[in-house]
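Trainee: I would be grateful for a close look at one part of this structure. Please begin with its charged side-chain pairs and then follow one of them into its surroundings.

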Amino acid sequence: TVPHLGVRLAVCFPSSPKETQLHIRKLLTVPEQLIFFLGRLEAKQNIDGLLFGYTPYRTACPQPIDLVLAGNPGLGWKAAWAATPPDVKAHIHRLGFVTSTQAETLQSMATAYHMISRDEGFGTPPVATLSAGVQGVDGRVGSFPTVFDGAGVLLTRECTRAQGGGE
């Protein structure tokens, strides 16, 4: 496999020491288990679909995992957040901007990486996350099906629509 030109190979095989993970966990106050999203919190990244889909998961799952969002808000964020029920918001950790080191450590700590973009290109965060042995959950758009090649869970258009994702 030939890596995308934007991928730093040292980052693609992260192995954060336990001390670094503990430091980041304490610094950012993130839970032991987490579903991780890294990117701009905007409609193009289907943030509304992610929050909409997380709501029934949070209610139906006997031991749900908290959602951690790293990235700055963009177009569509306010409406998506306003539509999220308060009891679900309590389990969503909004970190805002994180440094590269923090992002890499969070990626390696994640239980799952979630990126259900409406219109994504190459998507280097999922590649880096998968290389750390973290399960990816992504949509069947852009290059995700090719990049994942069976290594992650790809949601169908119907699942993406059910999450508010459109086509």
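Mentor: In this predicted model, a salt bridge joins the side chains of Arg58 and Asp66, with an N to O distance of 3.1 Å. Both partners, Arg58 and Asp66, are buried. The count of salt bridges comes to three. Another links Glu42 with Arg40 at 3.8 Å, N to O; here Glu42 is buried at 14% relative accessibility, while Arg40, at 42%, is partly exposed.

The remaining pair to consider is Arg25 with Glu32, whose side chains meet at 3.9 Å, N to O. Arg25 has a relative accessible area of 14% and is therefore buried, whereas Glu32, at 59%, counts as exposed.

Arg25 leads into helix 2, where Gln21, Ile24 and Leu28 are buried as well. These four residues span an arc of only 100° around the axis, so they lie on the same side of helix 2. The opposite face carries the exposed residues Glu19, Leu22 and Lys26. The buried residues of helix 2 pack against strand 1 (34-38), strand 3 (92-96) and helix 6.

As for that last partner, the axes of helix 2 (residues 18-28) and helix 6 (residues 100-109) come within 10 Å and cross at roughly 105°, which means that the two helices are roughly perpendicular. Helix 2 contributes Thr20, Gln21, Ile24, Arg25, Leu27 and Leu28 to the contact, and helix 6 contributes Gln102, Thr105, Leu106, Ser108 and Met109. Five of the contact residues are nonpolar, five are polar and one is charged. Just after helix 2, Thr29 adopts a positive phi of about 50°.

Key
Residues are numbered from 1 along each chain as its sequence is written. This is a predicted model: local features need pLDDT of at least 70, side-chain atom pairs count only at pLDDT 80 or more; totals for chains, interfaces and linings use all residues. Side-chain values use heavy atoms; hydrogens and water are left out. Axes are lines fitted to C-alpha atoms, for helices over the stretch in contact, and angles run from 0 to 180 degrees between N-to-C directions. Angles under 35 degrees count as roughly parallel, over 145 as roughly antiparallel, 65 to 115 as roughly perpendicular and the rest as oblique. Contact means heavy atoms within 4.5 Å. Ala, Val, Leu, Ile, Met, Phe, Trp, Tyr, Cys and Pro count as nonpolar, Asp, Glu, Lys and Arg as charged, and the others, Gly among them, as polar. Buried means under 20% relative accessible area, exposed over 50%, partly exposed in between (1.4 Å probe, protein chains only). The arc is that of the directions from the helix axis to the C-beta atoms. A salt bridge is a side-chain nitrogen of Lys or Arg within 4 Å of a carboxyl oxygen of Asp or Glu.
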